[in-house]
Amino acid sequence: MTRSATVANKRSSPILLIAGITLVAVALVVAVIAAKPGADSSASASRASLPAPTAAAAPRPAQLLTARESQFDFGSISMAAGKVSHRFWFRNEGSNPLSIQRIYTSCMCTTATFVKGMRKIGSYGMPGHGGPLPDVNESLAPGEAAYVDVVFDPAAHGPSGLGRTERVVTIERAGGERLQFDFVANVTP
Ligand SMILES: [Cu+2]
């Protein structure tokens with residue numbers, strides 16, 4: 001009986017061993033499967049961060065005109081003190097030269113002069129007020145900046161021009177987008 005028990009033990013030992021190996025194997029597989037989602041999420045996280053450097057390395061658009069500031073507040077200004085002015089800067093952020101085709105203002109009390117370096121072009125006002133406006137047709141090289149010198153005459157409308165005033169100066173590039181510069185002022189006598 002002892003012998004057969006021993007034999008039985010000897011026989012069952014390999015079975016136990018196999019069962020043990022199987023358990024360890026199953027545990028390993030479970031561990032690997034459990035670890036996978038973590039590995040997957042970190043992989044997808046690094047994949048998600050990849051488009052950022054790709055976007056940064058993307059070439060500049062051929063044509064892009066951008067404004068440094070598009071709104072300005074003169075605050076309180078008086079008719080008696082006369083005209084006020086402000087410079088609105090813009091820049092060619094594209095990779096190709098572009099042409100500033102037109103500049104115009106929303107009202108006859110406001111004029112805009114194109115200034116690039118030492119060049120000053122025109123005094124552009126409201127379209128249709130005193131005839132059609134001539135085109136500007138000034139080029140900007142890639143990276144080059146210029147500004148419009150905007151002059152507002154708070155007395156141009158007389159007493160009816162008192163109070164809060166908002167005007168717009170528009171710049172159009174040839175075959176493309178417009179930039180709009182708004183300014184506000186509170187006009188006092
Ligand atoms: Cu006006």
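A residue is called buried here if 20 or more other C-beta atoms lie within 10 Å of its own, and by that rule 15% of the 189 residues of the chain count as buried in this predicted model.

**View 1. The whole chain, with its two helices and ten strands.** Read along the sequence, the elements follow the pattern α-α-β-β-β-β-β-β-β-β-β-β. Among the contacts in the chain with a separation of 6 or more, 69% join residues that are 24 or more positions apart.

**View 2. An open sheet of five strands, in the order β1-β3-β8-β5-β6.** The pairing in this sheet is antiparallel, and the twist from one strand to the next averages 25 degrees. Strands β1 (65–67) and β6 (119–124) stand at the edges with a single partner strand each, so one side of each is left without a neighbour in the sheet. At the β1 edge, three bridges join β1 to β3, and alanine 67 stands opposite phenylalanine 90 in β3.

**View 3. Valine 115 in strand β5 (residues 110–116).** Valine 115 has 16 C-beta neighbours inside 10 Å, and because a residue needs 20 or more to be buried and 12 or fewer to be exposed, valine 115 counts as partly exposed. Leaving aside neighbours within four places in sequence, valine 115 is in contact with Lys120, Ala146, Tyr147 and Asp149. One of these, tyrosine 147, is 32 residues away in sequence, yet the two C-alpha atoms are 5.4 Å apart in space.

**View 4. The largest nonpolar core, which has 21 residues.** Those with the most contacts inside this core are Phe88, Ile103, Ala112, Val148, Val150, Val169 and Phe181. The elements that give two or more residues to the core are β3 (84–92), β4 (98–105), β8 (145–152), β9 (163–173) and β10. In soluble globular proteins, nonpolar side chains tend to be buried together. Phenylalanine 181, when residues up to four places away in sequence are not counted, touches Ala67, Ser70, Phe88, Val148, Val150, Val168 and Val169.

**View 5. Strand β2 (residues 71–78) beside strand β10 (residues 178–188).** These two strands pair in the parallel sense over six bridges, and within the pair serine 76 stands opposite asparagine 186 in β10. Of the eight residues of β2, the number buried is zero, so this strand lies largely in the open.

Definitions and conventions. Residues are numbered from 1 along each chain as its sequence is written. This is a predicted model: local features need pLDDT of at least 70, side-chain atom pairs count only at pLDDT 80 or more; totals for chains, interfaces and linings use all residues. Helices (H or I, at least four residues) and strands (E, at least two) are DSSP runs, numbered from the N terminus. Two strands pair if DSSP finds at least two bridges between them. A nonpolar core is a set of buried Ala, Val, Leu, Ile, Met, Phe, Trp, Tyr and Cys residues joined through C-beta atoms within 7 Å. Two residues are in contact if their C-beta atoms, placed from the backbone, lie within 7 Å. Axes are lines fitted to C-alpha atoms, for helices over the stretch in contact, and angles run from 0 to 180 degrees between N-to-C directions.
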